[in-house]
Structure formats: structure tokens, C-alpha cells
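Reader: I have a new model open and would like to practise reading it feature by feature. Could you walk me through it, starting from the surface?

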Amino acid sequence: FHWRGLTSFLVTLGFILLVVTGAVLYATPQGRVAQWTDWRFAGLSKEQWAAVHMISGILFLVASTFHLYYNWSVFLNYIKTRAGLNLKREMAIAVGTAALLVIGVLLGVPPFVYVVDINDRIKAYWEERSEPAPYPHAEDSTLEDFAQRTGVALAELQARLAELGFTASNASTTMLEASQRLGISPSKLFTLLNLTNTTNGSAKPAAPGSGRSGMGLKKLQDVCAAQGIDLRNAVLALQAAGISSSGDDTMRDIAERAQRSPSEILSLIKAGNRSDKQESPAR
């Protein structure tokens, strides 16, 4: 039995798995989108690809350690001989290349930043193709919480689920569990539910910006322009609520930082704008 051969095979297989899983994860949507739409590639979810990538990394690390152990003398000869340091230029180029890659990415300079930009564009592509969730990580909410945050009566939500073939007698059941029982994605379930807002007993369409309108993908400055709100006043209104923002931030990004929905962020902005107008005459 050749241990050196085994470690070489393990290093090679670990490397291949890392490359394949890394490439898939590079092209995946963001976690919230992947969960909401039940994104899969080759039958595996993003979480499963991430798990395989992680275990492949461990395999590669352990196998590489043993590979280095079995080839330690050869490795030392690359570094040092009796005459002193060996392969000085090669070592310098290797260290310099690694340092250049890390520094280039951290500083965001071309061409290294292009790799990050392409990844951002891929994630934006998936986000634009998917129907937005009513609020971040809605699939993890219980039915009771989901009904409250979307302004729908719990009884109506349970009735709609029953029509689809899922009896939800337990209000602590999550939307993700319900969608899995029905064999569809949370996004598809949300679409099929076609919920209406039944607050105060009067049914009406869900409020604009609740997630279906795609407002979450718009930048704050664009939303303010459409609503006739001064951007500076909007930023100050959110700041007063303890939420940091800028004109280039999307409504969804702001909402996620504040653990709110895009519609709630817009409501805060409008409330702050109304307050500002009321105080203006007194000034």
C-alpha cells in the first residue's frame, strides 16, 4: 500500500471538488434569494453546495498536510541548500503574486475587482429574475408572524393553505415547512396564496412596496424621486430611526440592515417627510 500515492490522489480529488463547488457557489444567488426561490443546481441547494465545498476544503487541507509530510525533504530543498537560500527569485515571485492578489482585491483595483464585480452582477441577475419576498427571510417566519407582517388575517392565511392542500392547524409552522410539504418554493407558495390585506375587516390589495412591486430592487434616490421626497430628508428620517443609508443603497439593502420590509422603510421616510413639512412654517 502506497501512502504517498493515496495522499496524491486525495489532494487531486480535493482540489477538483474545491474548483467545481467554488465555481457553482460563485454563480449562485444570494442566500435570501436562494432560499426564497428554492434555487438548485444539479439537484442540490445552495446550502448543500456550500456544505460540499466546506468538506472538500477540509479534505484538501488534511491531504495537503500529509502530502507535505511525505515530501518534506524535497520541499526543504526548494527553500534551502547548503549554499543558502534556494530558488530565491521563484520564492519572491510566488510571495509577491499572492500578496498582489490579496491587496488588489482588498483595495478594489482592476483587474482584481472585476472578479468581485462579475459576482455582484450574477447575484443581481438572480435577484431580478425572482419575485421579491415581502420582507427579508420571510420563509423562516411562522404562519402567525407572516400573517402579522403582511397584514393578513391568520385565519385567511390558513384557509388559503388548506385550498392548496396543506392543513396548517399549527400557527408555529414556518412558511418554508409549508412550501416543502407542498413540494414548491416559498416564492411560488407566496404567489399561489395571492393574499389580500384584511386589516379592519376590509379586503384590499397588498400595499405597494410590500415585496411584489419590485421596489426593493430600486435605489433610495430613485424611490425618493418617484415619491417627490428630498433625498437628504429621507436619509435624515432613516437616521433618526437608527438606520444608516445612502442614495445608492437599494431599498432591500436598507430594509435588511434594519430587519424591516422595504414598505416599512418607505413608511418611515414618508412619516419623517411629513414631520419636516409640519415644522417648516414654525421655523
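**Reading the model, feature by feature**

Author: Happy to. Helix H4 (residues 72–79) gives the nonpolar patch its largest share, five residues. Please keep in mind that this is a predicted model.

Reader: Which residues make the nonpolar surface patch, and about what area does it have?

Author: The patch is made by Leu68, Trp72, Val74, Phe75, Leu76, Tyr78 and Leu87, and its area is about 610 Å². Leu87 sits in the loop between strand E4 (84–85) and helix H5 (88–107).

Reader: How should I class Leu87: buried, partly exposed or exposed?

Author: The general idea is to compare the relative accessible area with two cut-offs: buried is under 20%, exposed is over 50%, and partly exposed lies in between. Leu87 has 30%, so Leu87 is partly exposed.

Reader: Helix H5 comes next. What span should H5 have, and how far apart are its end C-alpha atoms?

Author: The idea here is to take 1.5 Å times one less than the number of residues. With 20 residues, H5 should span 28 Å, and its end C-alpha atoms are 28 Å apart, so the two values agree. Just after H5 comes Gly108, with a positive phi near 70°.

Reader: Let me step back to the whole chain. How many helices and strands does the protein chain have?

Author: The protein chain has 14 helices and four strands. Of its 283 residues, 31% count as buried. The chain exposes about 17,300 Å², and carbon and sulfur atoms supply 60% of that area.

Reader: What part of the contacts comes from residues 24 or more positions apart?

Author: Among contacts with a separation of 6 or more, residues 24 or more positions apart account for 65%.

Reader: Now to charged pairs. How many salt bridges are there?

Author: The idea is to look for a side-chain nitrogen of Lys or Arg within 4 Å of a carboxyl oxygen of Asp or Glu. By this rule there are five salt bridges. One of them joins the side chains of Arg32 and Glu127, at 2.7 Å from N to O. This pair links distant parts of the chain, with Arg32 in helix H2 (residues 31–37) and Glu127 in helix H6, 95 residues apart.

Reader: Are Arg32 and Glu127 buried or exposed?

Author: Both are buried. Arg32 has 13% relative accessibility, so Arg32 counts as buried, and Glu127 counts as buried at 10%.

Reader: Which residues does Glu127 touch?

Author: Setting aside residues up to four places away in sequence, Glu127 touches Gln30, Arg32, Val33, Leu217 and Arg252. Glu127 itself belongs to helix H6 (residues 112–129), and its side chain also makes a polar contact with the side chain of Arg32, at 2.7 Å.

Reader: Which residues are linked with Arg32 in a network of salt bridges?

Author: The network links Arg32, Glu127 and Glu256. The side chains of Arg32 and Glu256 form a salt bridge at 2.8 Å, N to O. This pair, too, links distant parts of the chain: Arg32 is in helix H2 and Glu256 in helix H13 (residues 251–258), 224 residues apart.

Reader: Where do Glu156 and Arg160 lie?

Author: An α-helix has 3.6 residues a turn, so residues three or four places apart point the same way. Glu156 and Arg160 are both in helix H8 (residues 154–164), four residues apart, about one turn of the helix. Their side chains meet in a salt bridge at 3.2 Å, N to O. Glu156 has a relative accessible area of 15% and is buried, while Arg160 has 21% and is partly exposed.

Reader: Let me finish with packing around helix H1 (residues 3–26), where Arg4 lies. Which residues does Arg4 touch?

Author: Leaving out residues up to four places away in sequence, Arg4 touches Tyr70 and Asn71. The C-alpha atoms of Arg4 and His67 are 6.9 Å apart, although 63 residues separate the two along the chain. At a relative accessible area of 47%, Arg4 is partly exposed.

Reader: And which residues does Leu59 touch?

Author: With the same neighbours in sequence left out, Leu59 touches Leu10 and Gly14. Leu59 is part of helix H3 (residues 46–70) and counts as partly exposed at 29% relative accessibility. Between the C-alpha atoms of Leu59 and Phe15, 44 residues apart along the chain, the distance is 8.9 Å.

Terms used. Residues are numbered from 1 along each chain as its sequence is written. This is a predicted model: local features need pLDDT of at least 70, side-chain atom pairs count only at pLDDT 80 or more; totals for chains, interfaces and linings use all residues. Side-chain values use heavy atoms; hydrogens and water are left out. Helices (H or I, at least four residues) and strands (E, at least two) are DSSP runs, numbered from the N terminus. Buried means under 20% relative accessible area, exposed over 50%, partly exposed in between (1.4 Å probe, protein chains only). A polar contact is a pair of N or O atoms within 3.5 Å; within protein, one must be able to donate a hydrogen and the other to accept it, and residues adjacent in sequence count only if both atoms are side-chain atoms. Contact means heavy atoms within 4.5 Å. Patches are made of residues with over 30% relative accessible area and no salt bridge: like charges are joined within 9 Å, nonpolar side chains (Val, Leu, Ile, Met, Phe, Trp, Tyr) within 5 Å. Accessible areas come from the Shrake-Rupley method with a 1.4 Å probe; for residues, only the protein chains shown count as cover.
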